[in-house]
Amino acid sequence: MASKKVTEILNALDKEYGTEYKCYLDHENAWQLLIATILSAQCTDARVNLVTKDLFVKYPSVQAFADANLKELEKDIHSTGFYHNKAKNIIACCKDLVEKFDGEVPSGIEELTSLAGVGRKTANVIRGNIYHEPSIVVDTHVKRISKKLGLTKEDDPVKIEFDLMKKLPKDHWIIYNIHIIRLGRTICKAINPQCEECFLKEYCDAYRKGKK
């Protein structure tokens, strides 16, 4: 059962942002979201969406990515950063999807994290958005803001994920990430957070201690 503080935080987030699920990465199916999420590492969703708009036309299937030329794919995704590793992982990941999973994106955490370039964060994005499995995605916003709110003291994303799984009710696992991303982009920014405007300030340990 969630604590009074957690319940009040979640109620405040729901009231401010609603309860509609929204994925910020453009996609039409599971494999597109998987590739977009791999590309989103150390890159903005807006930039990824610009790149995938043409990318998914050029490579219209998992097989097309599996057969891609590494150097050419690197050029296609260059602007997302870390393009060499990302291109290598995308090709290897799609080869695994073709050879081991009949071209379908699996739903299990073990199967997903067995794919090249797919860690727990990416796996949970797929599980939450495609298969609607309760999952907690720990990105930079969730890590930073959860610590400020006193919901975790950990730095390791996997440990944060398990802390939040214990503290948040399952029906808020997916939407917590969506809400916190929005909060982190608009109010609780990493640089120059707007603490006085924040509707969660009364619950924020960092604010109470005078830390930004």
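This report walks through the helix packing, nonpolar cores, cysteines and unusual backbone angles of the structure above. The model is a predicted one.

**The largest core and helix α2**

Let us start with the largest nonpolar core, which has 36 residues. Its members that touch the most other members are Leu 34, Ile 35, Leu 55, Phe 65 and Leu 73. Two or more residues each come from α2 (30–39), α3 (45–58), α4 (62–66), α6 (83–101), α7 (109–113) and α8 (120–129). Helix α2 gives the most to this core, with 8 residues.

How many of the residues of α2 are buried? The count is 10 of the 10, so α2 is largely enclosed by the rest of the structure. Besides aliphatic names such as Leu 33, Leu 34, Ile 35, Ile 38 and Leu 39, the buried residues include Trp 31, Gln 32 and Thr 37. Among the elements that cover the buried residues of α2 are α3, α4, α6 and α8.

Leu 73 offers a good view of how this core is put together. Setting aside neighbours within four places in sequence, Leu 73 is in contact with Leu 55, Tyr 59, Phe 65, Ala 68, Ala 87, Ile 90 and Ile 91. Of these partners, Leu 55 and Phe 65 are also listed with Leu 73 among the core members that touch the most others.

A second, separate core has 26 residues, and includes Ile 160, Leu 168, Tyr 176 and Leu 183.

**Two helices crossing α11**

Helix α11 (residues 173–186) is a handy guide to the next region. Its axis and that of α1 (residues 4–17) come within 10 Å, while the axes of α9 and α11 come within 9 Å. The table sets the two pairs side by side.

| Helix pair | Axes come within | Crossing angle | Residues in contact, by class |
|---|---|---|---|
| α1 and α11 | 10 Å | roughly 70° | 6 nonpolar, 2 polar, 2 charged |
| α9 and α11 | 9 Å | roughly 85° | 6 nonpolar, 4 polar, 2 charged |

With a crossing angle of roughly 70°, α1 and α11 are therefore roughly perpendicular to each other. On the α1 side, the contact is made by Leu 10, Leu 13, Asp 14 and Tyr 17. The α11 side supplies Tyr 176, His 179, Ile 180, Arg 182, Leu 183 and Thr 186.

The axes of α9 and α11 cross at roughly 85°, and these two helices are therefore roughly perpendicular as well. Here α9 contributes His 141, Val 142, Arg 144, Ile 145 and Ser 146. Their counterparts in α11 are Tyr 176, Asn 177, Ile 180, Ile 181, Leu 183, Gly 184 and Arg 185.

Val 142, in helix α9 (residues 140–148), is buried, with a relative accessible area of 0%. Not counting residues within four places in sequence, Val 142 is in contact with Val 137, Leu 164, Tyr 176, Asn 177 and Ile 180. The C-alpha atoms of Val 142 and Lys 121 are 11 Å apart, with the two residues separated by 21 along the chain.

Which residues does His 172 touch beyond four places in sequence? They are Leu 10 and Asp 14, both of which also take part in the contact of α1 with α11. His 172 itself sits in the loop between α10 (157–167) and α11, and is buried at a relative accessible area of 14%.

**Cysteines without disulfides**

A disulfide is a covalent bond between the sulfur atoms of two cysteines. The count in this model comes to 0 disulfides. For Cys 43, the nearest cysteine sulfur is that of Cys 23, 14 Å away. For Cys 204, the nearest is that of Cys 188, at 6.5 Å. Cys 43 counts as buried at 17% relative accessibility, and Cys 204 is buried at 12%.

**Positive phi in two loops**

Most residues other than glycine have a negative phi. Gln 42 departs from this with a positive phi of about 55°, and Asn 192 does so with about 60°. Where do these two residues lie? Gln 42 is in the loop between α2 and α3, and Asn 192 is in the loop between α11 and α12 (205–208). Gln 42 is exposed, with a relative accessible area of 69%, and Asn 192 also counts as exposed, at 53%.

Technical notes: Residues numbered from 1 in each chain as written. Predicted model: local features only at pLDDT ≥ 70, side-chain atom pairs only at ≥ 80, totals over all residues. Heavy atoms only, no water. Axes fitted to C-alpha atoms, helices over the stretch in contact; angles between N-to-C directions. Parallel < 35°, antiparallel > 145°, perpendicular 65-115°, else oblique. Contact = heavy atoms within 4.5 Å. Nonpolar A, V, L, I, M, F, W, Y, C, P; charged D, E, K, R; others polar. Core = buried A, V, L, I, M, F, W, Y, C linked by side-chain atoms within 4.5 Å. Buried < 20%, exposed > 50% of the residue type's maximum accessible area, 1.4 Å probe, protein only. Disulfide = S-S within 2.5 Å.
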